[in-house]
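Hi everyone, thanks for coming. Let's have a look at this one together, and stop me if I go too fast.

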Amino acid sequence: GPCTECSCSSGKEPDKDPSHTKKKENGDRLCVPKIFFGTRTHKQITQISRELKRTAYSCVPMTILSSRDYTCIHPVVSNSSNRNEMCVELLEGKHGKSCSYYHGVHKLSEHHALQPAGLYQAWDIEDLVSLGRKLRACPYFAARELMVGADIVFCPYNYLLDPQIRDSMDINLKDQVVILDEAHNIEDCARESVSYGVTESQLRAAREELDFMVNNNIRQKHHEPLRAVCCSLI
């Protein structure tokens, strides 16, 4: 039979309920799950969104979660080697400055090109970033805001596998549909999520800082074990 739960079935606008639920006849609430579609790379998301556009489901509310490396348009932060920290500092107003692009997020997330009432079609990261530049609105946070009403959410594997990223992006996979494209790559991705690479020069720099802490009686009982670890690795 025809699909009756998602917005594509009738051509009507999707349910605006943030919790993404619909009422059953007996008064109980029926949860409509989201589809989380995980891919290995951001490039593959572009390919999949292009294929989605060719199907009958191209009008389904969607979003793409990606890092600031791909979606930050702030002229200073986007050219920084540490975009995450600089973004957080701007949002917290640590140096008396804020991000005007962040404050324009609603202009992008509510734009007709991304809504069923307008020319809604499957889009990719480049489309979102291009529209964000035009509206001077942050694509990174707009994509997260669009997740509330999205039926399908595209993202790299680690957004689904890494608990820290899931928490930071407010992703709850309970009772949701999870699709993993090219799932034979999951093992490597899971291993990378709990691994960290460090160079000898970084270890030596860390040891020097820890030496300073210990020699100046700054939380010695915490820093001495860390110094020992650095020394043993070096």
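Leaving aside its neighbours within four places in sequence, which residues is serine 66 in contact with? Before I answer, keep in mind that this is a predicted model. Okay, so find the loop between β4 and α2, where serine 66 is located. Its contacts, again skipping neighbours within four places in sequence, are His42, Thr71, Ile125, Tyr140 and Tyr159. And is serine 66 buried or exposed? It has a relative accessible area of 4%, and because buried means under 20%, serine 66 counts as buried.

One of those contacts, Tyr140, takes us to α6, since Tyr140 is among the buried residues of that helix. In fact, α6 is mostly covered, with seven of its eight residues buried. Besides Tyr140, the buried ones are Pro139, Phe141, Ala142, Ala143, Arg144 and Leu146. What's covering them? The list includes β4, α2, α3, α4, α5 and α8.

Now for the empty space. How many cavities of 30 Å³ or more does a search of the whole structure find? Just one. The largest cavity has a volume of about 110 Å³. There are 13 residues lining this largest cavity, and the closest to its centre are Cys72, His74, Cys87, Cys99 and Cys138. Two elements give two or more residues to that lining: α3, which is 83–92, and our friend α6, which is 139–146. If you sort the lining by class, you get 11 nonpolar residues, one polar and one charged.

That's it from me. Any questions?

Technical notes. Residues are numbered from 1 along each chain as its sequence is written. This is a predicted model: local features need pLDDT of at least 70, side-chain atom pairs count only at pLDDT 80 or more; totals for chains, interfaces and linings use all residues. Side-chain values use heavy atoms; hydrogens and water are left out. On a 1 Å grid over the protein atoms alone, a cavity is a set of points where a 1.4 Å probe fits but cannot get out, and a pocket is an open set with protein on both sides within 12 Å along at least five of seven lines; lining residues have an atom within 4 Å of a point. Grid points are joined across faces, edges and corners, and a volume is the space filled by probe spheres set on the points. Helices (H or I, at least four residues) and strands (E, at least two) are DSSP runs, numbered from the N terminus. Ala, Val, Leu, Ile, Met, Phe, Trp, Tyr, Cys and Pro count as nonpolar, Asp, Glu, Lys and Arg as charged, and the others, Gly among them, as polar. Buried means under 20% relative accessible area, exposed over 50%, partly exposed in between (1.4 Å probe, protein chains only). Contact means heavy atoms within 4.5 Å.
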